[in-house]
Amino acid sequence: MGGVLTEILSLKNISKEYPGVKALDNVSISFEKGEVHALVGENGAGKSTFIKTISGAIRPTSGTIEYEGKTYSYLQPAQAIDMGIAVVYQELIQFEAMSVADNIYMGVKEESGLVLNDKERQRKAAGVLAEFDCHISPADLIRNLSIANRQIVELAKAMVKKAKVIIMDEPTAAITVSEQEKLFEVVHKLKASGVTVIYISHRLDELFRICDRVSILRDGQYVTTKDIQDTSKQELINFMVGRELSSTYPDKKPAAAEVVLSVKNLTGNGVRDINFELHKGEILGFAGLVGAGRTELMHLIFGAAPRESGQILFKGQEKKLSSPKDGMAAGVALIPEDRKFQGCFIDKPIYWNISISTIDHLTKNGMVDRKAEMELAEDYRKRLKIKTPFLTQLTSGLSGGNQQKVVISKALASLPDILIFDEPTRGIDIGARHEIYLLMNELAEQGKSILMVSSDMEELLGMSERIIVLHEGAQAGELSKDEFTQEKVLALASGL
Ligand SMILES: Nc1ncnc2c1ncn2[C@@H]1O[C@H](COP(=O)(O)OP(=O)(O)OP(=O)(O)O)[C@@H](O)[C@H]1O
Ligand SMILES: [Mg+2]
């Protein structure tokens with residue numbers, strides 16, 4: 001990094017215990033002023049717990065926090081905010097129906113102690129947003145913004161509060177390549193202005209573009225901190241996982257000729273005139289920029305949104321889907337993009353979520369076979385490495401990535417013919433990611449068919465047999481395995 005740096009924040013010997021788990025076990029990490037410091041580790045390693053200690057969202061069991069020369073045994077959330085610590089969370093907490101300006105200035109008082117009026121807010125917000133060089137208008141409603149732009153609004157909010165430390169928990173998990181670039185620029189600007197950025201990500205490649213240092217956690221323990229120029233992706237993986245990992249995409253048998261799904265001139269829910277066939281045992285990828293209509297198309301095929309015209313045929317038979325129930329009856333399962341809100345019942349135990357979609361099969365004479373139910377859950381826990389002390393634990397107590405593994409297990413357990421994976425590995429660590437790829441291949445080889453929406457270009461090219469590219473709700477093209485490249489996909493996705 002060079003130059004003399006000053007420490008702004010230092011966590012010393014932090015531990016946090018939950019029943020049956022040490023989420024953090026004697027972890028010490030220091031942060032310098034004006035550095036971008038990444039925090040990496042597998043799902044459940046303790047990353048979110050660590051940053052919640054900094055933001056005051058949780059109180060550590062033991063250890064101390066030093067901030068600008070003062071020592072604290074814990075922070076209160078309001079205190080952390082006053083001290084200049086801001087967090088952009090994994091799940092953004094925003095007021096959807098309010099304007100950008102109102103979100104940015106919520107709770108912000110002028111030095112005079114007065115709250116800004118509407119006009120003032122809009123004018124000032126425009127000034128802050130201009131610094132980010134983005135096309136967001138202060139009057140826009142949050143609900144009309146892309147996830148990337150919502151993150152920029154959060155960063156603008158942090159700037160207005162004069163944050164000195166900004167923590168970003170998986171900021172790029174939900175955004176596409178071109179939006180990533182914009183976010184990286186914003187991070188560079190923050191750094192240049194002396195802000196410390198703590199950056200959590202499962203996408204290791206991007207760390208080499210924006211970070212100065214990286215600290216690794218494994219099973220709640222601190223492993224080491226490296227200058228980014230002195231390490232490699234492979235070394236980071238070894239530190240995180242502690243074992244060798246296969247980084248290649250698994251080989252897959254080609255799909256059969258049999259058509260299991262055909263979509264003809266399908267229009268509705270923001271997409272128009274879509275035509276494609278899905279074969280038995282095929283993994284068909286869908287590419288496109290945010291807003292291209294990929295998720296919307298999947299919702300039509302699952303019955304979660306109404307069709308205006310066109311046809312959906314399963315094994316040659318037309319089905320009119322008017323609800324997800326119809327989709328499931330037709331043999332479709334959807335692993336949604338927004339797992340937290342659509343994917344599972346967060347206040348139910350883990351085993352309950354995994355078994356719920358196949359509970360009929362586990363029920364005899366009106367009684368649920370508890371033993372079979374637990375065995376099923378245990379099987380998925382092992383395969384997807386769901387990190388939990390008990391399957392009877394509430395799903396809400398799992399780390400973000402482990403909750404996603406529960407959602408995936410739930411869909412797989414329903415034994416569908418057609419699986420829709422919307423961003424299958426978003427938020428999933430590198431070890432389990434490969435496991436999910438193997439599982440997808442295995443399912444395909446068993447004769448299931450997969451529709452996969454992904455913004456992760458490497459994954460899209462590595463896993464798909466064909467790729468359909470959408471652009472602004474329409475089909476921009478279709479590429480087969482021997483012709484697709486990142487450049488071709490991006491060109492079609494951008495409407496060139
Ligand atoms: N409220 C809670 N109750 C019980 N256990 C918890 C709670 N919060 C976290 N844990 C456990 O602490 C461990 C660390 O979780 P944490 O959320 O910090 O992981 P993470 O590194 O952020 O993972 P991910 O990459 O999946 O987001 C996990 O084993 C998790 O199950
Ligand atoms: Mg987390």
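Which residues come nearest to ligand 1? Keep that in mind while you load the predicted model.

**Stop 1: the ligand**

Select ligand 1 and show its surroundings. Of the 20 residues around ligand 1, the nearest are Ala 23, Ser 48, Thr 49, Ser 399 and Gly 401. Three elements each give two or more residues to this shell: β2, α1 (47-55) and α14 (400-413). Now colour the shell by residue class. You should find 12 polar, five nonpolar and three charged residues.

Next, colour the chain by domain. The assignment gives domain 1 as 7-241 and domain 2 as 259-493. Both domains contribute residues to the shell, so ligand 1 lies between them. The C-alpha centres of domain 1 and domain 2 are 30 Å apart.

**Stop 2: the whole chain**

Zoom out. The chain has 17 helices and 22 strands. Along the principal axes, its C-alpha atoms fill a box of roughly 70 × 50 × 45 Å. What is the radius of gyration of the chain? The value is 24 Å, and it agrees with the figure near 23 Å for a compact globule of 496 residues. Of the 496 residues, 44% count as buried.

**Stop 3: the open sheet**

Select β2, β1, β4 and β5. These four strands form an open sheet in the order β2-β1-β4-β5, with antiparallel pairing. Look at the edges, where β2 (21-32) and β5 (70-72) stand. Each of these two has a single partner strand, so one side of each is left without a neighbour in the sheet. From one strand to the next, the twist averages 15°.

Zoom in on β4 (residues 62-67) and β5. They run antiparallel and are joined by three bridges. For a reference pair, pick Glu 66; its bridge partner in β5 is Thr 71. Return to β2 for a moment: this edge strand is also one of the elements that give two or more residues to the shell around ligand 1.

**Stop 4: strand β8**

Select residues 196-200. This is β8, and five of its five residues are buried. Show the side chains. Thr 196, Ile 198 and Ile 200 point one way, while Val 197 and Tyr 199 point the other way. In a regular strand, side chains alternate between the two faces of the sheet.

Which strands pair with β8 in the parallel sense? One is β3 (residues 36-40), which pairs with β8 over four bridges. Here Val 36 has Val 197 as its bridge partner. Another is β7 (residues 165-169), which pairs with β8 over five bridges. There, Val 165 has Thr 196 as its bridge partner.

**Stop 5: strand β9 and its hairpin**

Stay on β3 and add residues 213-218. This is β9, which runs parallel to β3 and is joined to it by four bridges. Find Leu 39; Ser 215 in β9 stands opposite. Is β9 enclosed or open? Five of its six residues are buried, so β9 is largely enclosed by the rest of the structure.

Extend the selection to β10 (residues 221-227). β9 and β10 run antiparallel, with six bridges between them. Leu 217 and Tyr 222 are bridge partners. The two strands form a hairpin with two residues between them. Click Asp 219 in the turn: its phi is positive, about 50°.

**Stop 6: helix α9**

Select residues 294-302. Eight of the nine residues of this helix, α9, are buried, so α9 is largely enclosed by the rest of the structure. The buried residues are Arg 294, Thr 295, Leu 297, Met 298, His 299, Leu 300, Ile 301 and Phe 302. Step past the end of the helix. Gly 303 follows α9 and has a positive phi, near 90°.

**Stop 7: Leu 116**

Finish at a loop. Leu 116 lies between α3 (100-105) and α4 (118-131). Is Leu 116 buried or partly exposed? Leu 116 is partly exposed, because 17 other C-beta atoms lie within 10 Å, whereas a buried residue would need 20 or more. Last, set a distance label from Leu 116 to Gly 293. Their C-alpha atoms are separated by 38 Å, and the two residues are 177 apart along the chain.

Note on methods: Residues numbered from 1 in each chain as written. Chains lettered and ligands numbered in written order. Predicted model: local features only at pLDDT ≥ 70, side-chain atom pairs only at ≥ 80, totals over all residues. Buried ≥ 20, exposed ≤ 12 C-beta atoms within 10 Å, placed from the backbone. Pairing = 2+ DSSP bridges. Axes fitted to C-alpha atoms, helices over the stretch in contact; angles between N-to-C directions. Near = placed C-beta within 6 Å. Nonpolar A, V, L, I, M, F, W, Y, C, P; charged D, E, K, R; others polar. Domains from an automatic or database assignment. Rg over C-alpha atoms; globule rule 2.2 N^0.38 Å.
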